[in-house]
Amino acid sequence: MDHHQHEHNYENKNALRISFFLISIFMTVEVVGGLWTNSLALLSDAGHMFSDAASLGLSFLAVHFGSKKPNDSKTFGYKRFEILAAFINGLALVVISLFIIYEAYERFMDPPDVAGYGMLSIAAIGLIINLVVVYILMKGNHHDNLNVKSALLHVIGDLLGSIGAILAAVIIIWTGWGYADPLASVIVAILILISGWRVTWEAIHVLMEGTPQHISISDIKVSLESLTQIKGVHDLHVWSITSGYVALSCHIVVEPGSNYQGILNQASDQLRRDFNINHTTIQIEEEPEHCDGCN
């Protein structure tokens, strides 16, 4: 498991590093292009790209620090750093999307002239860059890592921004309709807002030590109580330390004189096999013996 985790961390660090440099370089191009063409769609996308660069840099640091070994001060290591990064990234998505909507409102009131052909050229290059970065990040371990997933959502938001800018540029070139620029910004901002809120909520759930969404407490209880010598399960807690690292603690009630070590081994094996939970803390309690005349 540690070998696979190390391998995933290495893949994620490389993906995040390359993506960071690509996004940072094009962000500069898009800022200049947005000012040159007077396009809010490009400027908002450039602002989003700035947040992407920060997000990718933060995610890289999170993966780097998350791989540090535990110590007396941080007994679980720095794995939660990744969740903190995901929370900050998700919150940034929400704030940026609200800012874009506000700017779009201003432009709806007084739509400026936009250089359609310049806007189209820069947006098309942005689309290519974002497609490359999305491909790089999707090759990493984004399914099981909330931190990398949040960075990927940032870039997908950029990709949608580039598509929106391209469509707006085409409309402006063909029809001269200036409202296409802020309208494209609003549509993309709403999509970014939804993604950002989802990532933020998932990160909050982990930080609040909520039960992982793919795990059922009742199923775990039934599974443990199905073992022959276990008579009951209580004080059952399941939470995530970080993405893909689930921990469990509980008390199990057993018959007097039971083989404690054998029961612990059985319970741990069952939790690992059926629920992929590898970090378990199980306390054993003996079932009270019944006696005649006991109250």
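**View 1. A nonpolar patch on the surface of the predicted model**. Here you can find Ile171, Trp177, Tyr179, Leu183, Ile187 and Leu191, which together form a nonpolar surface patch. Their combined accessible area is about 510 Å². Helix α6, spanning residues 180–207, is the element that gives the most to this patch, with three residues.

**View 2. Leu183 in helix α6**. This close-up stays with the patch and picks out one of its members, Leu183, which is found in helix α6. Its relative accessibility is 35%. Because partly exposed covers the range between 20% and 50%, Leu183 counts as partly exposed.

**View 3. An open sheet of three strands**. Follow the strands in the order β1-β2-β3, and you will meet mixed pairing. β1 (230–242) and β3 (279–286) are the edge strands, each pairing on one side only. From one strand to the next, the twist averages 10°.

**View 4. The pairing of β1 with β2**. Zooming in on the sheet, we see β1 beside strand β2, which is made of residues 245–254. The two pair in the antiparallel sense, over nine bridges. For a handy landmark, look for Gly232, which stands opposite Val253 in β2.

**View 5. Helices α7 and α8 against the sheet**. Helix α7 (residues 217–225) packs on the sheet and touches β1 and β2. The direction of helix α7 makes about 135° with that of β1. Helix α8, residues 260–275, lies across β1, β2 and β3. Relative to β3, helix α8 runs at about 140°.

Notes
Residues numbered from 1 in each chain as written. Predicted model: local features only at pLDDT ≥ 70, side-chain atom pairs only at ≥ 80, totals over all residues. Heavy atoms only, no water. Pairing = 2+ DSSP bridges. Helix = DSSP H or I, 4+ residues; strand = E, 2+ residues; numbered from the N terminus. Axes fitted to C-alpha atoms, helices over the stretch in contact; angles between N-to-C directions. Contact = heavy atoms within 4.5 Å. Patch = residues over 30% accessible without salt bridge, like charges linked within 9 Å, V, L, I, M, F, W, Y side chains within 5 Å. Areas by Shrake-Rupley, 256 points an atom, 1.4 Å probe, with all protein chains shown as cover. Salt bridge = Lys/Arg side-chain N within 4 Å of Asp/Glu carboxyl O. Buried < 20%, exposed > 50% of the residue type's maximum accessible area, 1.4 Å probe, protein only.
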